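These are my notes from a first look through this structure, kept in the order in which I looked things up. I wanted to know how the strands are arranged and which of them pair with one another.

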Amino acid sequence: NCLFEAGSFDRGYMCAQTFTSGQILDCVIRNARQSPSGNGTSYCGLGVTLGSADGLVDRCIVSNCWFTAIGTTLTLAGGGINSVSGTVRNSLVVKNQHGLGGGGIYANGGLVENCTVMGNRVTNSGKTGQKDYGLYADNGAVIRNCIVRDNVNTASSVAKDLFADESTTVEYCDFPTATSSVAGTTDENIDEDPAPAEIRVRFVG
C-alpha cells in the first residue's frame, strides 16, 4: 500500500526492485525518469525491476515511467516493468516508455497474468536488439488473460502491441493481431476493441 513517485535511477526504483523473493503489492508506481547520456546498457524497468522467479508484482499501477535513450547499444528493456522470470499479476501498466523496447513490460521468462498494458511507447528505432512493442515476451514467458492495446513506436509512428517469441505461451488475451507478432503457443485469444465491445476473458482465481 505504498506510493513510489518521481524517482530517477538507472535500473528501476530502488524501493521497487527485487532480486530474490521480494513482493510489491497494492502499490502505485509512477513518474520515474531517466535520460542517460552515452551508451548505457543497464537502463530498464524504470517502474519495477524483478530479477528472479520469486519476484512478484500484484495489484499495482505502474504509469508514466519514462526512459529516453541516447546511446545505441542498449541490451535491456522495459519502461514500466522489467521482469526476469518473475510474476506480474492483476496490474495496470499504462503510459510508460523505453528507448529500446517493452515500453510497458519486458517479460524475460516468468508470468504476466490478468494485466492491462495500454498506451505505452517505444521512442527510438534502429538500435541493436530493438524490442519495439508495448509488451515484449521471450525466454519461455507466459502471458495469460491480459489486454494489450494502443501501444506505439513513436519513432516510426507504428502501432506495436504484443511480441511473443516461439518459446512463449499466450492464452486468453485480447490484443490486435495486426499490430502484434506472436510465434509461440496460443490458446483462445481474441482481437476485439475493448471500448465498444463486451470482452470476456478467462477468469483466473
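I began with an open sheet of seven strands in this predicted model, and I wrote down its order as β3-β7-β11-β15-β19-β24-β26, with parallel pairing. I then asked which strands stand at the edges. They are β3, residues 23-25, and β26, residues 185-187; each has a single partner strand, so one side of each is left without a neighbour in the sheet. From one strand to the next, I noted a twist that averages 5°.

Staying in this sheet, I looked up the pair β7 and β11, where residues 56-58 run parallel to residues 87-89 and three bridges join the two strands. For Leu 56 I searched for the bridge partner in β11, and I found that it is Thr 87.

My next entry concerns an open sheet that six strands form, with the order β1-β4-β8-β12-β16-β20 and, once more, parallel pairing. Which strands are at the edges here? I found β1, which covers residues 3-5, and β20, which covers residues 147-149; because each of these has a single partner strand, one side of each is left without a neighbour in the sheet. The twist in this sheet averages 5° from one strand to the next.

Last, I followed the edge strand β20 to its pairing with β16, residues 116-118, and I recorded three bridges between them in the parallel sense. What stands opposite Met 118 in β20? I noted Arg 149 as the residue in that position.

Technical notes
Residues are numbered from 1 along each chain as its sequence is written. This is a predicted model: local features need pLDDT of at least 70, side-chain atom pairs count only at pLDDT 80 or more; totals for chains, interfaces and linings use all residues. Side-chain values use heavy atoms; hydrogens and water are left out. Two strands pair if DSSP finds at least two bridges between them. Helices (H or I, at least four residues) and strands (E, at least two) are DSSP runs, numbered from the N terminus. Axes are lines fitted to C-alpha atoms, for helices over the stretch in contact, and angles run from 0 to 180 degrees between N-to-C directions.
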